[in-house]
Amino acid sequence: MCGIVGYIGSREAAPIVLDGLSKLEYRGYDSAGLAILNNGEIQITKAVGRLKVLENLTHGGETMPGSAGIGHTRWATHGAPSDMNSHPHFNKEGTIAVVHNGIIENYIALKKKMQDKGYEFVSETDTEVLAHLLDYYYKGNPLEAITKVLHRVEGSYALGILFAEHPGDIYAVRKDSPLIAGQNDDGCFIASDVPAILKYTRTVYYVDNQEVVRLSGDKLYFYSVDGEELNKEAVTIDWDANAAEKEGYEHFMLKEIYEQPKTVTDTVSPRVKNGEIVIEELNMTDEELQNIKRIHIVACGSAYHTGVAAKYIFEGLVRIPVEVDVASEFRYRSPILQEGSMVIVISQSGETADTLAALREAKKQGYKVLGIVNVVGSSIAREADNVMYTWAGPEIAVATTKAYSAQLSALYLLAMKLGRARGTIGDELFGELLEDLRKLPNQIELLLGQKQKIQRFANRYVGAKDIFFVGRGIDYAISLEGSLKLKETSYVHSEAYPAGELKHGPISLIEDGTLVVAVSTQPMLYQKTISNMVEVKARGAFVMAVTCEGNKAIEKAADYVLYIPESNPYFANSLAIIPLQLFSYYVAVGKGCDVDKPRNLAKSVTVE
Ligand code: M6R
């Protein structure tokens, strides 16, 4: 997954494209490049490393004059990060330049055919084949060449293309990789995501699969893959312009951790009306909700962890059997969906390739899919039958925090709605749940106030080799997320286990001083988890417990305790995760890690 940006208009393109790329670096950051069209010639500069290297090399774009340009920030898939493998790629004469986000699946066969025709390849990428194919088919009409190429390539792509002979145009194409086009009085834009162009325009078009866009000075034209002109509706983006800025925080991750009270409020409030949960986007009557026999939740990474929590919540509160799958497994395991199955896919970006494929698999089998998605207009949002948006706003840090919290909130609402419709949640319990749900934002705020205490504790573990997270039930789901946050931000090896599973193997890894984070928020399971804490302590572990206020008994077994405010146990995840996010953040900061852009990762995984 990579980020692409393009601009054509009355201003200098390079600084605008560089600025746009800086907002997309979360998508990939191992190399970057620019192609600028000026006086009928394409100038290309590429550099391995962060975007900063390219910015310095081009003096912020000054060394590349011209008012039409495309740029790319890369997360390497085919070929290691290097100047040669960086985008843009170009034909031999340098008259056609291409930036690409996605994967050309049949590139080996195409490359061979192009080599047989005498084309020489200089990179190891799949993308270069596009530049040569375009060259091969180009006979003066870019649209014709592009549509011919599209009929030959398989895979996913969002492309930005420059033709030296057409200095007034930029072309762009999309299939299964995100792409938007935008417009203002100064010109036209393309980008992989809204934040890249939000500073310049709020008038945006979501480019659909197999559509071609021509940016022609100050006008956008859309075409089908067969070259027919299309009419498209613009969407006005109403995000706060600061939403994609750090606003004084040292890192996006910290800012986003602090945005969680608002995120929870924004996701919950619009769906609570007159004391009832109203989820219009569900498009399901109470009768239809009553007829659900099984729920399949499919997602990746942290979104999957919210699904694991949801299994406990739905089964406990609604008494519906729930299967939770990692999307990359679901799509290839010939899943058996039966009549009455409801499929829920969860995704922040709405672009995760495996989750999208799982959605398609469920639809192929004839089942309706509900998407819980953060990015408006993303592929999953568009392909799901119904979409419940998590109103977390743009999330920039690669490690998710606020979108995770919003997903949990959406799942609580869904569980309450289902429980109400199916009669498993009576009036009294519903009232209590609603009250506790409304308290969550303030309680999260209180936990954020413990920042310094957690920072001090985290500083002690900057040199840690292994850290274990354990818990039972929902606490296991919290442990999974706590552990993932730690590894991805601080590169500390970490594992999450159901606490009761420890003695079936992992306990052998406990050494003197090993930190074990025991999450214990479920009163029914307090004693059981305490027993597991005692077991690891006896083997030398240092035990940090995260538990609810009032559970003083835990102090006998833990070396250090962080208390979370009392809430309904089904909502404990939203609270217990806050100290764990802060812990990971401060271990990463203490180690000097690049918190917002951890090594080897990218924000949205649009490849398999
Ligand atoms: O955009 P998605 O929610 O579909 O992304 C899923 C995972 O890639 C994502 O949650 C990933 O695990 C994050 N880096 C976690 O912080």
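In strand 25, Val-519 is the bridge partner of Gly-471. The two residues belong to a pairing of strand 23 (residues 466-471) with strand 25 (residues 515-520), which is parallel and runs over five bridges. The model described here is a predicted one. Strands of a sheet pair through backbone hydrogen bonds, either parallel or antiparallel.

The pairing of strands 23 and 25 is part of an open sheet of five strands, with the order 24-23-25-26-27 and parallel pairing. Strand 24 (493-498) and strand 27 stand at the edges of this sheet; each has a single partner strand, so one side of each is left without a neighbour in the sheet. From one strand to the next, the twist averages 20 degrees.

Strand 27 can be followed further. Its partner is strand 26 (residues 542-548), and five bridges join the two, which run parallel. Within this pairing, Ala-545 stands opposite Val-561 in strand 27. How many of the five residues of strand 27 (residues 560-564) are buried? Five of the five are, so the strand is largely enclosed by the rest of the structure. Tyr-560, Leu-562 and Ile-564 point one way from the strand, while Val-561 and Tyr-563 point the other way. Helix 15 (residues 451-459) lies across strand 25, strand 26 and strand 27, and runs at about 150 degrees to strand 27.

After strand 27 comes a loop that leads to helix 18 (572-591), and Ser-567 is found in this loop. Is Ser-567 buried or exposed? Its relative accessible area is 16%, and buried means under 20%, so Ser-567 counts as buried. Leaving aside residues up to four places away in sequence, Ser-567 touches Asp-436, Leu-440, Gln-443 and Leu-575.

Leu-440 also appears in the contact between two helices, helix 13 and helix 14. Helix 13 and helix 14 (residues 427-448) pack at an angle of about 170 degrees, and their axes are 11 Å apart. The two helices are therefore roughly antiparallel to each other. Their crossing is left-handed. On the side of helix 13, the residues that meet helix 14 are Tyr-412, Leu-413, Met-416 and Arg-420; on the side of helix 14 they are Asp-427, Phe-430, Leu-433, Leu-434, Leu-437 and Leu-440. By class, this contact has eight nonpolar, no polar and two charged residues.

Helix 13 (residues 402-422) also meets helix 7 (residues 260-268), where the axes come within 9 Å and cross at roughly 30 degrees. This crossing is right-handed. Gln-260, Thr-263, Val-264, Thr-267 and Val-268 in helix 7 are in contact with Lys-402, Ser-405, Ala-406, Ser-409, Ala-410 and Leu-413 in helix 13. The contact has five nonpolar, five polar and one charged residues.

Another sheet is built with antiparallel pairing: eight strands form an open sheet in the order 3-2-4-1-10-9-11-15. At its edges stand strand 3 (41-48) and strand 15 (235-236), each with a single partner strand, so one side of each is left without a neighbour in the sheet. Strand 2 (residues 31-38) is joined to strand 3 by eight bridges, and the two run antiparallel. Ala-32 has Ala-47 in strand 3 as its bridge partner.

The last stop is Lys-597, in the segment after helix 18. Not counting residues up to four places away in sequence, Lys-597 touches Glu-25, Tyr-29, Arg-50 and Val-398. Lys-597 and Lys-368 are 229 residues apart along the chain, and 35 Å separates their C-alpha atoms.

Technical notes: Residues are numbered from 1 along each chain as its sequence is written. This is a predicted model: local features need pLDDT of at least 70, side-chain atom pairs count only at pLDDT 80 or more; totals for chains, interfaces and linings use all residues. Side-chain values use heavy atoms; hydrogens and water are left out. Axes are lines fitted to C-alpha atoms, for helices over the stretch in contact, and angles run from 0 to 180 degrees between N-to-C directions. Helices (H or I, at least four residues) and strands (E, at least two) are DSSP runs, numbered from the N terminus. A crossing is left-handed if the near helix is turned anticlockwise from the far one by less than a right angle, and right-handed if clockwise. Contact means heavy atoms within 4.5 Å. Ala, Val, Leu, Ile, Met, Phe, Trp, Tyr, Cys and Pro count as nonpolar, Asp, Glu, Lys and Arg as charged, and the others, Gly among them, as polar. Angles under 35 degrees count as roughly parallel, over 145 as roughly antiparallel, 65 to 115 as roughly perpendicular and the rest as oblique. Buried means under 20% relative accessible area, exposed over 50%, partly exposed in between (1.4 Å probe, protein chains only). Two strands pair if DSSP finds at least two bridges between them.
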